[in-house]
Amino acid sequence: MLKNIRIVLIETSHSGNIGSAARAMKTMGLTDLVLVAPKQGVDDQAIALAAGAEDVVKSAVVVENFLQAVADCSLVIGTSARLRHLQNSLIEPRECGTKTVAHAMNGKVAIVFGRERIGLTNEELLKCHYHVTIPANPNYASLNLAMAVQLISYEIRMAYLAATAEVTSTPANVDIYPSMQELEYFYHHTEQLYQSLGFIQNQGVMQKLRRLYGRAELEKTELNILLGMLSAVEKNKNLHNDNS
């Protein structure tokens, strides 16, 4: 289950933070680390601060962008201190741990941490199903990257221990959720079709639809129904155009 949980670090500025984050992960049983365009790669400082988690650092996968990091994941949770426009998808660390572990039984999950200074961009936040915020002291909410990774990893660990204590002999129903790549295809198809019909005339509509479908946690069979509906609308649209 824990092997299905990925920690993603976006454009990390300092290599030491990579090592410290890896250490935080390994203490809680997490090993899947993906680095998106790090400003400094894995070096001696990263290895030194990993302090025994060198295997996590050295096996980290480096990719160029956000979508590459989460393409095979069916649940993506972004970390954010921003509250505006995220209220419907906002969760706290404990709920993040519970959702992550429940989902990891059937598919891959990515927990995404943004840049040290500015966090995740609005575009990146929009691609996340949920947004986890740490309810720190509002007068001094100064958590560094490794601290944030440690806190979220701890909640995942606690949820994992609770879940494994309740495991039955019933096998898990694996691979029931669509990947982010499959979802992005659906969103692209939806936007193109409904723009051509004149229904979507600005990005605000598509952003709301993304949040709606993200909260629904669509299964593959449900996504196939929606894709079938899009195809039926497209077919009737083309037929109408041919007859007019």
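This passage walks through the overall build of the chain, then its aromatic pairs, its cysteines and two individual residues.

The model is a predicted one. Its chain carries 10 helices and 7 strands. With a radius of gyration of 20 Å, close to the 18 Å that the globule rule gives for 244 residues, the chain is as compact as a globular protein of that length. Along the principal axes, the C-alpha atoms fill a box of roughly 70 × 45 × 35 Å. Buried residues account for 43% of the 244 residues. The accessible surface comes to about 13,000 Å², and carbon and sulfur atoms hold 52% of that. As for how the chain meets itself, take the contacts between residues at least 6 apart in sequence: 84% of these join residues at least 24 apart.

Turning to the rings, a search of the whole structure gives 4 aromatic pairs. One of them brings together Phe 186 and Tyr 213, whose ring centres sit 5.2 Å apart with the planes at 75 degrees, so this pair is edge-to-face. It ties together distant parts of the chain, since Phe 186 belongs to helix 8 (residues 180–196) and Tyr 213 to helix 9 (residues 203–216), 27 residues apart. Phe 186 counts as buried, at 1% relative accessibility. Tyr 213 also falls in the buried class with a relative accessible area of 19%, because the cut-off for that class is under 20%. Tyr 213 has a further ring partner in Tyr 187; here the centres are 6.5 Å apart and the planes are 35 degrees from each other, which makes the pair tilted. This pair, too, links distant parts of the chain, with Tyr 187 in helix 8 and Tyr 213 in helix 9, 26 residues apart. Tyr 187 is buried, as is Tyr 213. Taken together, ring pairs join Phe 186, Tyr 187 and Tyr 213 into a cluster.

Helix 9 is also home to Arg 211. Arg 211 comes out as partly exposed, because its relative accessibility is 23% and the buried class stops under 20%. Arg 211 and Leu 126 are 85 residues apart along the chain, yet their C-alpha atoms are separated by 7.4 Å.

The cysteines tell a simple story. The search of the whole structure turns up 0 disulfides. For Cys 73, the closest cysteine sulfur is that of Cys 128, and at 11 Å it is too far for a bond, given that a disulfide needs the two sulfur atoms within 2.5 Å. Cys 96 is in no disulfide either, and its nearest cysteine sulfur, again that of Cys 128, is 11 Å away. Both Cys 73 and Cys 96 are buried, each with a relative accessible area of 0%.

Finally, there is Asp 32, which lies in strand 2 (residues 32–36). Its side chain makes a polar contact with the side chain of Arg 6, at 3.1 Å. Leaving aside residues up to four places away in sequence, Asp 32 touches Lys 3, Ile 5, Arg 6, Ile 7 and Met 25. Arg 6 therefore appears twice around Asp 32, as a residue it touches and as its side-chain polar partner within the 3.5 Å limit for such contacts.

Terms used
Residues numbered from 1 in each chain as written. Predicted model: local features only at pLDDT ≥ 70, side-chain atom pairs only at ≥ 80, totals over all residues. Heavy atoms only, no water. Buried < 20%, exposed > 50% of the residue type's maximum accessible area, 1.4 Å probe, protein only. Helix = DSSP H or I, 4+ residues; strand = E, 2+ residues; numbered from the N terminus. Polar contact = N/O pair within 3.5 Å; in protein donor to acceptor, adjacent residues only side chain to side chain. Contact = heavy atoms within 4.5 Å. Phe/Tyr/Trp six-rings, centres within 6.5 Å; stacked < 30°, edge-to-face > 60°. Rg over C-alpha atoms; globule rule 2.2 N^0.38 Å. Areas by Shrake-Rupley, 256 points an atom, 1.4 Å probe, with all protein chains shown as cover.
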